Amino acid sequence: MEEVKLMKGNEAIAEASIREGVDAYFGYPITPQSEVIEYLMLEEPYKRTGMAVLQAESEIAAINMVYGAAACGKKAMTSSSSPGISLKQEGLSYIAGSELPCVVVNVVRGGPGLGTIQPSQADYFQTVKGGGHGDYRLIVLAPASVQEMSDFVEDGFNLAFKYRNPVMILSDGLIGQMMEKVKLKAQKPRLTENEIRERYGDWATLGNKSENRKIITSLELKPERQEKHNDKLQAKYREVEKNEVRYEKINCENADYLLVAYGSSARICQKTIQLGKEKGLNIGLIRPITLWPFPSKAIYEAADKVKGILAVELSAGQMVEDVRLAVNGKVKVEHFGRYGGMIHSPDEVLSALEQKIIGG
Amino acid sequence: MSEILTPEEIIKKGTLVFKKTKLMTDANLSYCPGCGHGVAHRITMEVLEEMGIAEQTIGIAPVGCSVLAYDFMNIDMQQAAHGRAPAVATGIKRVFPDKYVFTYQGDGDLAAIGTNETIHACNRGENIVIIFINNGIYGMTGGQMAPTTLAGMKSSTSPYGRDLAMTGHPIKITEMVAMLPGVCYATRQAVHKPALVRKAKKAIQKAFENQRDKKGTSIVEIVSNCNSGWKMTPVDSNVWLEENMLPVFPLGDIKG
Amino acid sequence: MTEEIIIAGFGGQGVLSMGKILAYSGIMQDKEVSWMPSYGPEMRGGTANVTVILSDERISSPVLKHYDTAIILNQQSMDKFEETVKPGGILLYDPNGILKHPTRKDINIFKIEGAAEASRMSNSKTFNMIILGAYLKIKPVVNMENVLKGLKKSLPDRHHHLIPVNEEAIKVGIEKVQSLQTV
Ligand SMILES: Cc1ncc(C[n+]2csc(CCOP(=O)(O)OP(=O)(O)O)c2C)c(N)n1
Ligand code: SF4
Ligand SMILES: [Mg+2]
């Protein structure tokens, strides 16, 4: 029952959320992701599946609405772009601390501050290294196509509920605004209250007898107990690192040089590979699909076989730090990227590779 | 020779006049002796018990002295970030429209950092109950000025008394939200005297009945003392409340 | 086959929807497609452009520096995109409002009097379909049957009665496009 449509990345996220059987979406308009809530309001999923959609008064309110719904074992999500995602950091920290499942989408734009509305990948640090306060991790999926915008909604909720952890889909204005062919999944039914009780009744606040009551909190006044809680979180994160690393290798057999890029930059780099071929250069690409957990091992192993690595991202150099940690000095690792909303062309990436790695 | 009786022995003697609702846990209240929070907790739980809706109710604890409300209220509870309880309540209510949802918030939580969430939840007429403990101060963090702190009132961040020119006026947020069409019931109560406790409980009951009847947002403000923050004995703080708080925050129904 | 196209003009000329119809037509012909618009405040009455790629293979970068074809509908876009056409590539433009005509000697240049033809049809909304027709005459990357299917797909149901007039406009474009320079 797959259906092929031409859709914007943002629209694909919205449609996928309905088909995933999401219970509630809470959002606040911001370019370049407003199509998500616009699409949902137009589509009226409350009539299609009973999914609730609400325009909140702020991104802060929206993420806290997600908290409330997620704490009831419901599939809840929100989306925004960089400045709004900054506002959601407090809520994300609470959600991570309370171990609630949810999916949050960031369609990144150029910063800092109000920045620009054009595509950027400069929220990598915020997303992967914490963002909010405390020792927590988001599971981060980086779509590189409209198809993945759609697919990662389902993958995201699967991961979120498997680990009771917030999942971030880290996209950007390019993937959000472009249209591509997308194969939509069949409609999943939303879970009934009884199904939720069966699956998540051991933690969700569904209304219970006092003897069996549930509390959702991230507070633990005794530091010894808060340390224990952190141990539990850390053990969970080690499991995620062990099981959930995802990446794609493109043209890596016999490559002399390696590009590492995710999301829109990975698309651009694929063209760079073609341009390089025309010049007789053999370039490979590793595309991290999960940014956390990061495919460090794959990059470490690939480093043995190449003469140098260029990390390409729409930022002044963020993911490159993780690439360097992974490579651990085995070969030269350099960074290239336009930023502030500017997009590097495939040609620019090739010149950077020639200058910084091949020539350098 | 005085004999010390156990509670069971006292009850056996037929002197039982009050029984703690089973919707309050046996955990020791973390509130200062004489603080109004404990009474407000109890009457809220009594209402849920008497209405028979405890098992369909989800409560939300704020950030403030009542952050641990979930240790005392013996029902399903969520703990919200500072000021965000009305948004959390909205999230729950939108996925479970037929369950009962209430927030329990202090004045700093509801009328300073969470003003936006408060006003917009009320403006949407979220079908929830908001129980609002106005003690004119930030109790939990050690007695700093709150948006409801009275003119000239001393706190650790207004050590010479609240200067209205510098920090504005005590905010009457219950009157403010009463103006919104989404709010069906706005009332101001107190719990420092038995008769007032009975009235406050009736108000809370009416608020939950409104929720049952899907009427919109009900807000029950409870003007309460904070003897620690005000640096008074409990008895003095109740007198001070009567003489100083109530003229600014008069008791009674504001709407509905 | 991979065809990389930039369509650039004023907001309101139907640049984005023309790209969308082309992309949908590509899907109907079982091609991979991408459609990447410029977006933002500059679209309000300012310039708008969209990169459309049709390919038999998985599409790599949706943003490009060089194009097989540039369809240029105002002077600002001429200034910006003439130089981005690959040598041997195609530049199609509407001379209406153009003061500085293209000067490249290494590309194929075509013109279509889209605005004039649209006013002749007494329907300014047909403008972008006239341009599309002209492009398809030069580069029949998708066949007419699939273009009509694409048109139907990209128009909401309530606008389906406009399909005949759009089809008409495409035919006008096919008929009226002129070659100015071949290399
Ligand atoms: C974002 C954030 N800012 C500040 C605090 C610190 N804080 C904890 S409780 C509180 C004030 C609570 O006052 P109120 O809501 O009046 O509750 P009370 O303790 O008086 O019942 C503050 C500022 C916090 N926990 N989170
Ligand atoms: S500090 Fe004030 S509000 Fe907090 S428990 Fe003590 S008396 Fe009550
Ligand atoms: Mg207070």
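Student: What average pLDDT does chain C get, and what share of its residues score at least 70?

Tutor: Keep in mind that this is a predicted model. pLDDT tells you how confident the predictor is in each residue. Chain C averages 93, and 97% of its residues score at least 70. For the complex, the predictor gives an ipTM of 0.89 and a pTM of 0.92.

Student: Let's go to salt bridges. How many does a search of the whole structure find?

Tutor: The search turns up 57 over all chains. The idea is a Lys or Arg side-chain nitrogen within 4 Å of an Asp or Glu carboxyl oxygen. Take Glu180(A) and Arg267(A): their closest N and O atoms are 2.7 Å apart.

Student: Which parts of chain A does that pair tie together?

Tutor: Glu180(A) sits in strand β8 (residues 179-184) and Arg267(A) in helix α12 (residues 263-278), so the bridge ties together parts that are 87 residues apart in sequence.

Student: Are Glu180(A) and Arg267(A) buried or exposed?

Tutor: Both are buried. Now try Glu334(A) and Arg324(A), whose side chains meet in a salt bridge at 4.0 Å, N to O. That pair links strand β15 (residues 332-336) of chain A, home of Glu334(A), with helix α14 (residues 319-327), home of Arg324(A), 10 residues apart. Glu334(A) is partly exposed, with a relative accessible area of 25%, and Arg324(A) is partly exposed too, at 40%.

Student: And in chain C, which residue does Lys100(C) meet in a salt bridge?

Tutor: Asp79(C), at 3.9 Å from N to O. Lys100(C) is in the loop between β5 (85-93) and β6 (108-111), while Asp79(C) is in helix α2 (residues 75-81), 21 residues apart. Lys100(C) counts as exposed at 53% relative accessibility, and Asp79(C) is partly exposed at 43%. Bridges can also share partners: in chain A they join Glu20(A), Lys75(A), Asp151(A), Glu154(A), Lys185(A) and Lys188(A) into one network.

Student: On to the metal. Which residues are the protein donors of the magnesium ion (ligand 3)?

Tutor: With a metal, look for the donor atoms and note where their residues fall in the sequence. Here the donors are Asp107(B) through OD, Asn135(B) through OD1 and Ile137(B) through O, lying 2.1 to 2.7 Å from the ion. Their spacing in sequence reads D-x27-N-x1-I. Asp107(B) belongs to helix α5 (residues 107-113) of chain B and Ile137(B) to strand β5 (residues 137-138), 30 residues apart. Asp107(B) is buried, with a relative accessible area of 1%, and Ile137(B) is buried at 2%.

Student: How do I read a sheet? What is the strand order of the seven-stranded one in chain A?

Tutor: Strands of a sheet pair through backbone hydrogen bonds, either parallel or antiparallel. This open sheet runs β3-β2-β4-β5-β7-β6-β13, with mixed pairing. At its edges stand β3 (52-55) and β13 (290-292), each with a single partner strand, so one side of each has no neighbour in the sheet. The twist averages 20° from one strand to the next.

Student: How many bridges join β2(A) to β3(A)?

Tutor: Four, and the two strands run parallel; β2(A) covers residues 24-27. Phe26(A) stands opposite Leu54(A) in β3(A). Also, helix α6 (residues 89-97) of chain A lies across β5 (102-108) and β7 (166-172), running at about 145° to β7(A).

Student: How many of the six residues in strand β4(B) are buried?

Tutor: Six of six, over residues 129-134. To read a strand, check which way each side chain points. Val129(B), Ile131(B) and Ile133(B) point one way, Ile130(B), Phe132(B) and Asn134(B) the other way, and all are buried. Strand β3 (residues 100-106) of chain B runs parallel to β4(B), joined by five bridges, and Phe102(B) stands opposite Val129(B). β4(B) also pairs in the parallel sense with β8 (residues 217-223) of chain B over six bridges, where Ile130(B) stands opposite Ile219(B).

Student: Last one: which residues is Ser265(A) in contact with?

Tutor: For contacts, set aside the sequence neighbours. Beyond those within four places, Ser265(A) is in contact with Gln121(A), Val312(A), Glu313(A), Leu314(A) and His344(A). Ser265(A) is found in helix α12 of chain A and is buried, with a relative accessible area of 0%.

How values were computed:
Residues numbered from 1 in each chain as written. Chains lettered and ligands numbered in written order. Predicted model: local features only at pLDDT ≥ 70, side-chain atom pairs only at ≥ 80, totals over all residues. Heavy atoms only, no water. Buried < 20%, exposed > 50% of the residue type's maximum accessible area, 1.4 Å probe, protein only. Donors = N, O, S within 2.8 Å, 3.2 Å for Na, K, Ca; no water. Pairing = 2+ DSSP bridges. Axes fitted to C-alpha atoms, helices over the stretch in contact; angles between N-to-C directions. Contact = heavy atoms within 4.5 Å. pLDDT = per-residue confidence, 0-100.
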